[in-house]
Structures are given as structure tokens and as C-alpha cells.
Amino acid sequence: MRIVLAAAVLALLAGPAFAQNVDDHVPRYGEEEKEKTPEQKRGEKAAQDAYQRSLSNIPDKGGPTDPWGAVRSTDTPKPTATTAKPKKTKTGSADAKQ
């Protein structure tokens, strides 16, 4: 019974691996691509034209926008950068290991 179960598991796991090698429409290295039919060429041209039309539907950026601009008040000052003080060592000097 174990042998039958092991064979079934191997068959189920090996199926997808063999299915990956069946892909015929991708040319292998060194193979020449097959000539496209006029219908395929028209389909690709129609897809490219549709893509270009969809790009023209995207509005131009009007400039930088601040989505939180209405929430922020204009009176608050911007934080300034503070310089970090050197940490003291056990001996008390900052230049102990130089």
C-alpha cells in the first residue's frame, strides 16, 4: 500500500514539472522565431494602438500637490536640525580612543 501511495504522490508532483516543458510558443535560445500571420500582426498593432490611446487618457501632472496641506497650519515652524553631542566614555573624555 505504501508503494502505491508513494507512486501516486510522485506522479502528482511530477505532472506540473513536465507541463512546464510543453510551452511551444516561446522560442528557445538559438531558434528562429516563426513568421507571424497577418492576423497576429493586426492583433499586435491593434493592441499597441490601444495602449497608446490609453496613455493619452492619463492626465498630466499639474505640479506638486500636498494632500495634507489643508490639515497643516502655516504658523508652525519647521523643526531645525540639532547637532548630536559626543557621548562621554567611562573615563569622562570624548576622545579616549583615537
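A residue is called buried when its relative accessible area is under 20%, exposed when that area is over 50%, and partly exposed in between, as judged with a 1.4 Å probe and protein chains only. By this rule E35 is exposed, because its relative accessible area is 65%.

The structure shown is a predicted model, in which local features need pLDDT of at least 70 and side-chain atom pairs count only at pLDDT 80 or more, while totals for chains, interfaces and linings use all residues. Residues are numbered from 1 along each chain as its sequence is written, and side-chain values use heavy atoms, with hydrogens and water left out.

E35 takes part in a salt bridge with K41, with 3.4 Å from N to O, where a salt bridge means a side-chain nitrogen of Lys or Arg within 4 Å of a carboxyl oxygen of Asp or Glu. Its partner K41 is partly exposed, at 44% relative accessible area. The count of salt bridges comes to three, and another of them joins K36 to E44 at 2.7 Å, N to O; here K36 is partly exposed at 32%, and E44 is likewise partly exposed at 45%.

D49 and K45 also meet in a salt bridge, at 3.5 Å from N to O. These two residues are separated by about one helical turn, because they lie four residues apart in helix α2 (residues 38–56), a helix being a DSSP run of H or I with at least four residues, numbered from the N terminus. Within this pair, D49 is partly exposed at 31%, whereas K45 counts as exposed at 53%.
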